Amino acid sequence: MSISIPRGTQDILPGEVEKWQLIENKARELCEKYQYREIRTPIFEHTDLFLRGVGDTTDIVQKEMYTFEDRGGRSITLRPEGTASTVRAFVEKKMFGYANQPVKLYYMGPMFRYERPQAGRFRQFVQFGIEALGSNDPAIDAEVISLAMNLYKEMGLKKLKLIVNSLGDKESRTAHRDALVNHFKPRIGEFCKDCQNRLEKNPLRILDCKHDHEHELMKSAPSIIEYLNDFSKNYFEKLQQYLTQLDIPFEVDPNLVRGLDYYNHTAFEIMSNAEGFGAITTLCGGGRYNGLAEEIGGPETPGIGFALSIERFIAALNAEGVGLEITEGIDCYLAALGDEAKDYTVGLLQQLRLAGFSAERDYLDRKIKAQFKAADRLKAKYVAVLGDEELKNNKINVKNMATGEQVEIDLDSFIKYFQEL
């Protein structure tokens with residue numbers, strides 16, 4: 001009986017994985033320029049971290065988490081997102097005491113959500129995300145957004161749309177919350193059970209409901225913009241000023257509600273406008289989460305960040321027809337004729353690799369013609385041919401596969417010759 005891959009997961013094979021590596025390398029390169037440093041957290045955490053950090057009224061917590069009990073009877077969850085784990089590490093390792101503030105971190109790795117698999121959406125997926133902890137300056141919000149936009153642009157994407165919104169501070173959100181309750185309560189029975197449960201706990205989440213998004217009350221719901229106090233208005237205006245200064249086009253969408261409970265003030269999404277990309281156009285989402293560190297036991301610490309899916313990144317590149325330049329080929333292929341020559345190439349291959357070259361040899365005891373075909377498939381720049389007779393005479397033949405030129409050199413000077421090439 002054959003065993004197949006679990007639903008909602010994927011194998012990323014050679015030929016495709018190089019695209020992932022290019023994106024990952026570009027992300028690391030940008031983070032270095034922006035002074036974000038990598039953090040690696042466990043793939044599983046105590047479930048309570050996500051209940052308190054992500055929010056028990058979110059779809060992630062209610063429907064999508066992979067949660068299990070370990071042998072010690074503890075409730076453990078595979079991480080569904082990266083912010084809660086990063087902030088937990090920030091608090092636990094007392095990074096709020098670091099001399100350099102804000103603390104700027106990035107992560108890259110697999111996340112897990114049990115949801116219906118569809119194009120660009122998997123149950124195990126890879127996220128790249130950044131978090132800036134310790135600053136209340138809207139300029140850091142603009143920086144976070146600019147890093148995400150620059151990553152997409154530098155990889156070749158052009159059909160992008162940035163939308164921003166303000167969720168306000170606690171005072172603004174409380175006033176908006178009361179208005180939402182009054183708006184939805186008389187007809188809440190017309191909404192799904194999730195929305196009915198959210199009415200008192202977190203009415204803002206009703207606006208993010210996929211089931212009832214066409215209901216007439218959704219379109220007439222009070223906007224958070226109408227309830228922003230002076231501080232929140234000024235904060236949002238500053239963010240827009242900085243985005244304009246950075247030459248980053250954006251649209252304000254008062255209906256933008258991020259799916260996690262910890263967001264406040266800035267919320268944003270980057271979307272693909274590419275034709276044929278699909279119904280779900282969001283590539284990246286993020287926002288400010290002042291209060292999250294306190295929620296999980298730390299000191300008062302403002303924070304801002306984003307996360308993006310590598311899978312959806314690649315889907316957007318494909319939709320726009322952006323081809324990534326993948327470096328292919330090896331420097332040298334060692335072809336051997338005769339048992340003694342084959343034995344000798346084992347050590348010679350090691351010398352080539354230790355000298356910094358990509359190199360390969362035959363392991364299937366193929367004829368010389370088949371070895372040359374293998375070299376072609378590997379796009380070898382040079383093929384070095386060693387036979388038993390040449391080995392006795394301390395000689396080796398080196399062929400330039402692009403020009404066809406072939407030279408015979410002393411075997412002892414082969415590595416030096418190759419370095420000079």
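Select P102 to begin, a residue in the loop between α4 (83-92) and β5 (103-112), where helices (H or I, at least four residues) and strands (E, at least two) are DSSP runs numbered from the N terminus. The model is predicted, so local features need pLDDT of at least 70 and side-chain atom pairs count only at pLDDT 80 or more, while totals for chains, interfaces and linings use all residues. Residues are numbered from 1 along each chain as its sequence is written, and side-chain values use heavy atoms, with hydrogens and water left out.

**The loop at P102**

With P102 still selected, add Q101 and look at the bond that joins the two residues, which is a cis peptide with omega at about 0 degrees. Most peptide bonds are trans, and most residues other than glycine have a negative phi.

**Two residues with positive phi**

Go next to D247, in the loop between α9 (230-245) and β8 (251-252); phi of D247 is near 60 degrees, a positive value in a residue other than glycine. The relative accessibility of D247 is 64%, so D247 counts as exposed, on a scale in which buried means under 20% relative accessible area, exposed over 50% and partly exposed in between, with a 1.4 Å probe and protein chains only.

Then select N394, which is found in the loop between α14 (388-392) and β15 and also has a positive phi near 60 degrees without being a glycine. N394 has a relative accessibility of 24% and therefore counts as partly exposed.

**The five-stranded sheet**

From N394, widen the selection to the open sheet of five strands, whose order is β13-β12-β14-β15-β16 and whose pairing is mixed; two strands pair if DSSP finds at least two bridges between them. At the edges stand β13 (359-361) and β16, each with a single partner strand, so one side of each is left without a neighbour in the sheet. On average, neighbouring strands of this sheet are turned by 25 degrees against each other, direction ignored; axes here are lines fitted to C-alpha atoms, for helices over the stretch in contact, and angles run from 0 to 180 degrees between N-to-C directions.

Keep the sheet in view and add helix α13 (residues 368-377), which packs on the sheet and touches β12 (332-337), β14 and β15, contact meaning heavy atoms within 4.5 Å. The direction of α13 makes about 175 degrees with that of β12.

Now isolate strand β14 (residues 382-387) and strand β15 (residues 395-400), which run antiparallel and are joined by four bridges. Among the bridge partners to display are V383 with K399 of β15 and A384 with V398 of β15.

Moving on to the next pair, β15 and strand β16 (residues 406-410) are also antiparallel, with five bridges between them, and I396 has I409 of β16 as its bridge partner. Follow the chain through the hairpin of β15 and β16, which has five residues between the strands, and select G404, whose phi is positive, near 85 degrees.

**The three-stranded sheet**

Elsewhere in the model, select the open sheet of three strands, with the order β2-β4-β3 and antiparallel pairing. The edge strands are β2 (44-46) and β3 (67-69), each of which pairs on one side only, and the twist averages 35 degrees from one strand to the next. Three bridges connect β2 with strand β4 (residues 75-78) in the antiparallel sense, and F44 can be displayed together with its bridge partner in β4, L78.

**Helices α6 and α7**

Continue with helix α6 (residues 170-184) and helix α7 (residues 193-201), which pack at an angle of about 140 degrees with their axes 9 Å apart. The two helices, α6 and α7, are therefore oblique to each other, given that angles under 35 degrees count as roughly parallel, over 145 as roughly antiparallel, 65 to 115 as roughly perpendicular and the rest as oblique. To see the contact, show R177, V181 and F184 of α6 with L199, E200 and K201 of α7.

**L256**

Finish at L256, in the loop between β8 and β9 (264-272), where a relative accessibility of 5% means that L256 counts as buried. Leaving aside residues up to four places away in sequence, L256 touches I163, V164, N165, L167, A267, F268 and E269. Of these, N165 is worth a distance label, since L256 and N165 are 91 residues apart in sequence and 6.1 Å apart in space, C-alpha to C-alpha.
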